[in-house]
Amino acid sequence: ALARYNRWMNEKIYACAATLSDAERKRDAGAFFGSIHATLNHILLGDRIWLGRMRSEPVADGDMGPGGIRSLHQELYADFEELRRERAITDEALARYVGALTPEELAGPLVYRRFGKQLEHPLWWAVAQVFNPQTHQRGQVTTLLSQMGRDPGVTDVFAMLRDEGGQS
């Protein structure tokens with residue numbers, strides 16, 4: 001359900017952000033990561049780092065994540081439409097990954113390296129970590145969008161469940 005909500009909200013946020021000009025999306029608005037574009041980029045960075053750890057993808061020495069991720073401020077895609085496409089690809093990968101996990105796998109260990117140190121904790125901690133910060137950071141984006149006169153709409157999980165045909 002969290003993976004579905006994640007995808008649903010990302011689609012809403014990106015659709016709303018697409019109504020802005022590139023300059024508006026990239027303008028430093030005083031948010032933690034500066035701009036809407038930079039915050040959306042950061043969320044994608046975090047997802048890719050955690051997904052890589054969970055899937056045991058190789059990470060080069062000095063990198064934080066697979067594919068050459070070296071910093072939480074690194075810009076992956078300057079072009080908004082490319083960032084949007086990659087967001088959708090990553091959302092699909094996250095949904096497939098978490099959707100296939102068994103209770104035993106979730107309770108099992110996740111072992112990975114961070115800054116040269118080996119860390120280990122239950123896999124479910126990492127799954128929770130993927131989805132929890134995104135909610136906070138998308139909240140920052142919805143605030144910035146609202147300040148620019150854009151309304152991303154309802155952000156409640158209940159709204160997604162209703163859209164999916166769940167009980168009202």
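In which helix is the place of tryptophan 125? In this predicted model, for which local features require pLDDT of at least 70, side-chain atom pairs count only at pLDDT 80 or more, and totals for chains, interfaces and linings use all residues, tryptophan 125 is placed in helix α6, helices being DSSP runs (H or I, at least four residues) numbered from the N terminus. Residues are numbered from 1 along each chain as its sequence is written, and side-chain values use heavy atoms, with hydrogens and water left out.

Tryptophan 125 counts as partly exposed, at 45% relative accessibility, where buried means under 20% relative accessible area, exposed over 50% and partly exposed in between (1.4 Å probe, protein chains only). Its C-alpha lies 8.9 Å from that of leucine 110, with the two positions 15 residues apart in sequence numbering. Phenylalanine 32, which is found in the loop between α2 (22-26) and α3, is exposed, with a relative accessible area of 65%.

The largest nonpolar core (a set of buried Ala, Val, Leu, Ile, Met, Phe, Trp, Tyr and Cys residues joined through side-chain atoms within 4.5 Å) holds 21 residues, of which Ile36, Leu40 and Leu145 touch the most other members. Two or more residues are given to this core by each of α1 (2-17), α3 (36-54), α4 (80-99), α6 (123-147) and α7 (157-163), and the largest share, seven residues, comes from α1. When neighbours within four places in sequence are left aside, leucine 40 is in contact (heavy atoms within 4.5 Å) with Ile13, Tyr14, Ala17, Phe80, Leu83 and Val141. Apart from this core lies another, of 17 residues, including Ala3, Leu51, Leu94 and Tyr112.
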